[in-house]
Amino acid sequence: MPSEPLSQKEIEDRLRELPGWAFENDRIFRTYRLGTHFAASALVAHIAAVQQELNHHSDLTLGYNTVRLSVNSHDVGGAVTDRDFALAERVESLAPSHGAT
């Protein structure tokens, strides 16, 4: 069963709890900076494992020492749902262990 889209106010309220995250073009997103390309690559692999576990996948962009995560829910027409925030919260909890800021 698909999640319900969140309202603009719900998204804004939830973003207050996720520093560094923003909302634009019907997606929540964040860019992490890391010390090295290897650290950024390791973070991507860790995020991919979490996405597989949650069966919810984002767009990930790997740069030299950056990782950009952008997510919405395709099953509700590309809106933002609780599932997107669940993924963002999981990534936030693991990013510091990779040295991400």
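Here are some short exercises on this structure, each with a worked solution.

This is a predicted model, in which local features need pLDDT of at least 70, side-chain atom pairs count only at pLDDT 80 or more, and totals for chains, interfaces and linings use all residues. Residues are numbered from 1 along each chain as its sequence is written, and side-chain values use heavy atoms, with hydrogens and water left out.

**Exercise 1. Find which residues of helix 2 are buried and which are exposed on the other side.**

Step 1: Locate the helix. Helices (H or I, at least four residues) and strands (E, at least two) are DSSP runs, numbered from the N terminus. Helix 2 covers residues 37-54, which makes 18 residues. From its first C-alpha to its last it reaches 26 Å, close to the expected 26 Å; the expected span is 1.5 Å times one less than the number of residues.

Step 2: Sort by accessibility. Buried means under 20% relative accessible area, exposed over 50%, and partly exposed in between (1.4 Å probe, protein chains only). Ala39, Ala40, Leu43, Val44, Ile47, Val50 and Gln51 are buried in helix 2.

Step 3: Ask where they point. These buried residues cover an arc of only 140° around the axis, which puts them on the same side of helix 2; the arc is that of the directions from the helix axis to the C-beta atoms. An α-helix has 3.6 residues a turn, so residues three or four places apart point the same way.

Step 4: Look at the other side of helix 2, where Phe38, Gln52 and Glu53 are exposed.

Step 5: See what the buried residues pack against: strand 2 (27-33), strand 3 (59-62), strand 4 (66-71) and helix 3 (82-94). Contact here means heavy atoms within 4.5 Å.

**Exercise 2. Work out what caps the N-terminal ends of helix 2 and helix 3.**

Step 1: Take helix 2. Threonine 36 is the cap, with a side-chain oxygen 3.4 Å from the backbone nitrogen of phenylalanine 38.

Step 2: Take helix 3. Threonine 81 caps its N-terminal end, and here a side-chain oxygen lies 3.2 Å from the backbone nitrogen of arginine 83.

Step 3: Finish with what follows helix 2: asparagine 55, whose phi is positive, near 55°.

**Exercise 3. Describe how helix 1 and helix 3 lie relative to each other.**

Step 1: Compare the axes. Helix 1 (residues 8-15) and helix 3 have axes that come within 12 Å and cross at roughly 10°. Axes are lines fitted to C-alpha atoms, for helices over the stretch in contact, and angles run from 0 to 180 degrees between N-to-C directions.

Step 2: Name the arrangement. Helix 1 and helix 3 are therefore roughly parallel to each other (angles under 35 degrees count as roughly parallel, over 145 as roughly antiparallel, 65 to 115 as roughly perpendicular and the rest as oblique).

Step 3: Find the contact. Helix 1 contributes Ile11, Arg14 and Leu15, while helix 3 contributes Asp82, Phe85 and Glu89.

Step 4: Check the buried residues of helix 3, which are Asp84, Phe85, Leu87, Ala88, Val91, Glu92 and Leu94. Their cover includes helix 1, strand 2, helix 2 and strand 4.

**Exercise 4. Decide whether histidine 56 and serine 58 are buried or exposed, and list what they touch.**

Step 1: Place them. Histidine 56 sits in the loop between helix 2 and strand 3, and serine 58 is in the loop between helix 2 and strand 3 as well.

Step 2: Read the relative accessible areas. Histidine 56 has 6% and is buried; serine 58 has 13% and is buried.

Step 3: Collect contacts, leaving out residues up to four places away in sequence. Histidine 56 touches Gln51, Val71, Asn72, Ser73, Arg83, Asp84 and Leu87. Serine 58 is in contact with Gln51, Leu69, Ser70, Val71 and Leu87.

Step 4: Add the polar contact of 2.4 Å that joins the side chains of serine 58 and glutamine 51. A polar contact is a pair of N or O atoms within 3.5 Å; within protein, one must be able to donate a hydrogen and the other to accept it, and residues adjacent in sequence count only if both atoms are side-chain atoms.

**Exercise 5. Find where asparagine 25 lies and how accessible asparagine 25 is.**

Step 1: Asparagine 25 lies in the loop between strand 1 (22-24) and strand 2.

Step 2: Its relative accessibility is 65%, so asparagine 25 counts as exposed.

Step 3: Asparagine 25 has a positive phi of about 55° although it is not a glycine.
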